[in-house]
Amino acid sequence: MNRDKVYGIFLAAGKGERMGGDKLALPIGEDTIGNMTLSKALQSYLDHIFVVAKKTDDLSWIAQKNERWSRVDSEKAELGQSHSVRAGIQAAMSYNAEAV
């Protein structure tokens, strides 16, 4: 089956103000919210997932290492979500993505 290169953008550079902190690291059962969500995305047909994070995030909330995801730093995360989306799209373009 021939299909386009389809990449996902996982937005992980937010401030978490409404939650009072980093919501991705919050526990849910024996997992974290962020890791559980990324695991579900990795089960999809996406060819690769770009985890867009702040430079200061050590991504310790991600339990699994997997060649189907990679980190992208959002240099201007404090300026809003659109900057993180842009960073993810630029990363996908560098992989010659057909769709994001």
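In this predicted model, the largest nonpolar core comprises 13 residues, and those with the most contacts inside it are Phe10, Leu38, Val51, Trp61 and Trp69. Two or more residues of this core are contributed by each of strand E1 (7-12), helix H1 (33-42) and strand E4 (48-53). A second core, separate from this one, has seven residues, among them Tyr7, Phe50, Val72 and Ala92. In soluble globular proteins, nonpolar side chains tend to be buried together. The surroundings of valine 51 illustrate the packing in some detail: apart from neighbours within four places in sequence, valine 51 is in contact with Phe10, Ala12, Leu38, Leu59, Trp61, Ile62, Trp69, Ser70, Arg71 and Val72.

The strands E1, E4 and E5 form an open sheet of three strands, in the order E1-E4-E5 and with parallel pairing. E1 and strand E5 (69-73) occupy the edges and have a single partner strand each, so that one side of each is left without a neighbour in the sheet. On average, and with direction ignored, neighbouring strands of the sheet are turned by 25° against each other. E4 and E5, which run parallel, are joined by five bridges, and valine 51 stands opposite arginine 71 in E5. Two helices are placed against these strands. H1 lies across E1, E4 and E5 and runs at about 155° to E4, whereas helix H2 (residues 81-94) packs on the sheet with its direction at about 150° to that of E1, touching E1, E4 and E5.

Four aromatic pairs are found in the structure. One of them is the edge-to-face pair of tyrosine 7 and tyrosine 95, for which the distance is 5.7 Å centre to centre and the angle between the planes is 75°. Because tyrosine 7 lies in strand E1 and tyrosine 95 in the segment after H2, this pair ties together parts that are 88 residues apart in sequence. Tyrosine 7 is buried, with a relative accessible area of 7%, while tyrosine 95 is partly exposed, with a relative accessible area of 35%. The rings of phenylalanine 10 and tryptophan 61 form a pair that counts as stacked, because their planes stand at 25° with the centres 5.8 Å apart and the limit for stacking is under 30 degrees. Since phenylalanine 10 belongs to strand E1 and tryptophan 61 to the loop between E4 and E5, the pair ties together parts that are 51 residues apart in sequence. Both phenylalanine 10 and tryptophan 61 are buried. In addition, Tyr7, Phe50 and Tyr95 form one aromatic cluster.

As regards charged side chains, the structure holds two salt bridges. In one of these, the side chains of lysine 55 and glutamate 75 meet at 3.6 Å, N to O. The pair links distant parts of the chain, with lysine 55 in the loop between E4 and E5 and glutamate 75 in the loop between E5 and H2, 20 residues apart. Lysine 55 is exposed, with a relative accessible area of 55%, and glutamate 75 is likewise exposed, with a relative accessible area of 54%. Arginine 71 forms a salt bridge with aspartate 73, in which the closest N and O atoms are 2.7 Å apart. Here arginine 71 counts as partly exposed at 31% relative accessibility, and aspartate 73 is also partly exposed, with a relative accessible area of 27%.

How values were computed:
Residues numbered from 1 in each chain as written. Predicted model: local features only at pLDDT ≥ 70, side-chain atom pairs only at ≥ 80, totals over all residues. Heavy atoms only, no water. Core = buried A, V, L, I, M, F, W, Y, C linked by side-chain atoms within 4.5 Å. Buried < 20%, exposed > 50% of the residue type's maximum accessible area, 1.4 Å probe, protein only. Helix = DSSP H or I, 4+ residues; strand = E, 2+ residues; numbered from the N terminus. Contact = heavy atoms within 4.5 Å. Pairing = 2+ DSSP bridges. Axes fitted to C-alpha atoms, helices over the stretch in contact; angles between N-to-C directions. Phe/Tyr/Trp six-rings, centres within 6.5 Å; stacked < 30°, edge-to-face > 60°. Salt bridge = Lys/Arg side-chain N within 4 Å of Asp/Glu carboxyl O.
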